[in-house]
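Trainee: I should like to learn how to read a nonpolar core and the sheet it belongs with. Could we work through an example together?

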Amino acid sequence: MGRAGKDDLHLRQAPVSAVIEEAAEPHMHRGKFIHISEGPEEDGSRQQPTILRKPEVIHGLRNLVQNAVDFAKGNVWVETAWSASWIRIRITDDGHGYPPHIIGRIGDPFMRRRRSERERSRRPEYEGMGLGLFIAKTLLERSGAQLRFANGTDPYQKIRPDSERLGAIVEVSWPRSKIDAAAAGQTGSLGSNQPIKI
Ligand SMILES: Nc1ncnc2c1ncn2[C@@H]1O[C@H](COP(=O)(O)OP(=O)(O)O)[C@@H](O)[C@H]1O
Ligand SMILES: [Mg+2]
C-alpha cells in the first residue's frame, strides 16, 4: 500500500480506546475525572478491536460523555468490553441518575420540560435543550449500535452496594460486523483489493 493509502487508513480506523479518547477529549478538563478502561469478555481476544472511525460514532459518544460529565459529582467511567461477536461501551457517572419519569422516553426529542428557577440557579452553566441524547441515539443507531439506558440504583443492575457508580448508565453495543474495521475490510468497504476468483 502506498503512503497516501496508509494515511487514509489511519483516518478511517483506530483502536477502540483511541476513538473513545477522541470522543471524550473536549470534556477531559472540566473538573470531573474520566476513568477509561477496556478489556475482553467471554471469548474475546486480548487485543482490543480496531474500529471504523466514523464521525457519527465520535460525535454520538461525545454527547453521552458530555452528559455524564454535566451530571457527575466527580467521576465518569467509560468501560469497553468485547467478545468475538460484539463490542460494548458503557458510560456511567456518580450523579443522581436519569430522572425516573424520563427513563422510558430517553432519546425522544424535546422530552425535557423547561428548567425551574431553582434548577437554573443551582447549575447556571447548564444550557441543555433536551436534544443531546436524541442526537447521540440517532447517530449511534445509524452506525449499527443499540442503546440501553438505566440508573446504577436500579435493583437489577447488580452493582456492588459499595459502588459509587450509582448515577446514569448508558450502554452502546454493536455487532462486530457493523463497526470492526477488520470485518468491514473483508466486505471491501475500505477499498481493499478483492482477490479474483477463477
Ligand atoms: N448522565 C445523566 N445523569 C442524569 N440525568 C441525565 C443524564 N444525561 C441526561 N440526563 C437527563 O436527560 C435530559 C436530556 O439530556 P440531553 O438530551 O442531553 O439534553 P440536554 O443536555 O441538552 O438537556 C437532561 O436534561 C437530564 O434531565
Ligand atoms: Mg446533554
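Mentor: Let us begin with the core, bearing in mind that this is a predicted model. A nonpolar core is a set of buried residues of nonpolar type joined through C-beta atoms within 7 Å. Here the largest one has 38 residues, and those with the most contacts inside it are Ile20, Val65, Ala68, Val76, Val78 and Ile91.

Trainee: Which elements give two or more residues to this core?

Mentor: They are helix 2 (16–24), helix 3 (55–71), helix 5 (132–142) and helix 7 (181–186), together with strand 3 (50–52), strand 4 (75–82), strand 5 (86–93) and strand 7 (168–175). Helix 3 gives the most, with seven residues.

Trainee: What does isoleucine 20 touch, beyond residues up to four places away in sequence?

Mentor: Isoleucine 20 touches Ile36, Leu61, Val78, Thr80 and Ile89.

Trainee: In what order do the strands of the open sheet stand?

Mentor: Five strands form this sheet in the order 2-4-5-7-6, with mixed pairing. Strand 2 (33–40) and strand 6 (146–151) each have a single partner strand, so one side of each lacks a neighbour in the sheet. On average, neighbouring strands are turned by 15° against each other, direction ignored.

Trainee: How many bridges join strand 4 to strand 5?

Mentor: Seven bridges join these two strands, which run antiparallel. Valine 78, for example, has isoleucine 91 in strand 5 as its bridge partner.

Trainee: Which strands does helix 3 touch as it packs on the sheet?

Mentor: Helix 3 touches strand 4, strand 5 and strand 7, and its direction makes about 25° with that of strand 5.

Notes: Residues numbered from 1 in each chain as written. Chains lettered and ligands numbered in written order. Predicted model: local features only at pLDDT ≥ 70, side-chain atom pairs only at ≥ 80, totals over all residues. Buried ≥ 20, exposed ≤ 12 C-beta atoms within 10 Å, placed from the backbone. Helix = DSSP H or I, 4+ residues; strand = E, 2+ residues; numbered from the N terminus. Contact = placed C-beta atoms within 7 Å. Pairing = 2+ DSSP bridges. Axes fitted to C-alpha atoms, helices over the stretch in contact; angles between N-to-C directions.
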